[in-house]
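Here are my notes on the model you passed along, as numbered points. Have the structure open while you read, and follow along residue by residue.

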Amino acid sequence: MSTANILSTFTKQVKDSQVIWALQDQASEDWVVLDSVNFENTEVMPLWSTDVLAKKHCVEEWANYVPAAISVADWMEFWVEDLLADGIIIGLDWQESDDCAEVELAEFTQALAEVESL
């Protein structure tokens, strides 16, 4: 499946809930950000369209992390500027064993804006 198709599927799943999911450390409240598998010298923040998909990754090195909901509205208001300043890209419905779809922050945010409920 192409990255564009994965992004489209992701946003369709997010449209009704208006929530995206990331992994957050229970103690430090840090978020999972890791090296990109596709781009050198780039960090990626994996995000999931459902808590069930995110929860599958709370094992091994991420055992102390829990799925944390981020509303689309909060994403737009609080997250984009900081992630942009840090040069972070987005991993869509991250799958450790498969090729990971990674998109630029601007492309991801534009797709979210198109499904955001006002």
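**Notes on the model**

1. Let me start with a tryptophan. Tryptophan 62 comes out at 10% relative accessibility, so it counts as buried. Keep in mind that this is a predicted model. Tryptophan 62 belongs to the loop between H2 and S4. If you want a distance to go with it, take asparagine 41: the two are 21 residues apart in sequence, and their C-alpha atoms are 22 Å apart in space.

2. That loop holds another residue to look at. Glutamate 60 lies between helix H2 (51-55) and strand S4 (65-71), and its phi is near 50 degrees, a positive value in a residue other than glycine. Is glutamate 60 buried or exposed? Its relative accessible area is 68%, so glutamate 60 is exposed, whereas tryptophan 62 in that loop is buried.

3. There is a positive phi at glutamine 18 as well. Here the angle is near 60 degrees, and once again the residue is not a glycine. You'll find glutamine 18 in the loop between helix H1 (3-17) and strand S1 (19-25). With a relative accessible area of 15%, glutamine 18 is buried. The cut-off for buried is under 20% and for exposed over 50%, which is why glutamine 18 at 15% gets the first label and glutamate 60 at 68% gets the second.

4. On to the sheet. Which strands form it, and in what order? It is an open sheet of 4 strands, ordered S2-S3-S5-S6, with mixed pairing. S2 and S6 take the edges and have a single partner strand each, so one side of each is left without a neighbour in the sheet. As general background, strands of a sheet pair through backbone hydrogen bonds, and they can do so parallel or antiparallel.

5. Now walk across the sheet from the S2 edge. Strand S2 (residues 34-35) pairs with S3 in the antiparallel sense, over 2 bridges. If you want to find the spot by eye, leucine 34 has valine 44 in S3 as its bridge partner. Valine 44 also stands opposite isoleucine 89 in S5, so you can use valine 44 to step from one pairing to the next.6. S3 and S5 come next. S3 is joined to strand S5 (residues 89-92) by 4 bridges, and the two run parallel. Leucine 47 stands opposite leucine 92 in S5. How many of the residues of strand S3 (residues 43-47) are buried? The count is 4 of the 5, so S3 is largely enclosed by the rest of the structure.

7. S5 deserves a look at its side chains. Ile89 and Gly91 point one way, Ile90 and Leu92 point the other way, and all are buried. Toward the other edge, S5 is joined to strand S6 (residues 101-103) by 3 bridges, running antiparallel. Glycine 91 has glutamate 102 in S6 as its bridge partner.

8. For the surface, look at the charges. Asp35, Glu43, Glu81, Asp82 and Asp86 form a negative surface patch. Which element gives the most to the negative patch? Helix H3 (residues 72-86) does, with 3 residues. Aspartate 86 sits in helix H3, and at 57% relative accessibility aspartate 86 counts as exposed.

9. Helix H3 has a buried residue too. Valine 80 is placed in helix H3, and at 17% relative accessibility valine 80 counts as buried. Valine 80 and leucine 105 are 25 residues apart in sequence, with 7.5 Å between their C-alpha atoms.

10. One last residue, from strand S4. Isoleucine 70 is located there, and with a relative accessible area of 3%, isoleucine 70 is buried. Isoleucine 70 and threonine 3 are 67 residues apart in sequence and 22 Å apart in space, C-alpha to C-alpha.

Key. Residues numbered from 1 in each chain as written. Predicted model: local features only at pLDDT ≥ 70, side-chain atom pairs only at ≥ 80, totals over all residues. Heavy atoms only, no water. Patch = residues over 30% accessible without salt bridge, like charges linked within 9 Å, V, L, I, M, F, W, Y side chains within 5 Å. Areas by Shrake-Rupley, 256 points an atom, 1.4 Å probe, with all protein chains shown as cover. Salt bridge = Lys/Arg side-chain N within 4 Å of Asp/Glu carboxyl O. Lys, Arg positive; Asp, Glu negative; His and termini not counted. Charge placed at Lys NZ, Arg CZ, Asp CG, Glu CD. Buried < 20%, exposed > 50% of the residue type's maximum accessible area, 1.4 Å probe, protein only. Pairing = 2+ DSSP bridges.
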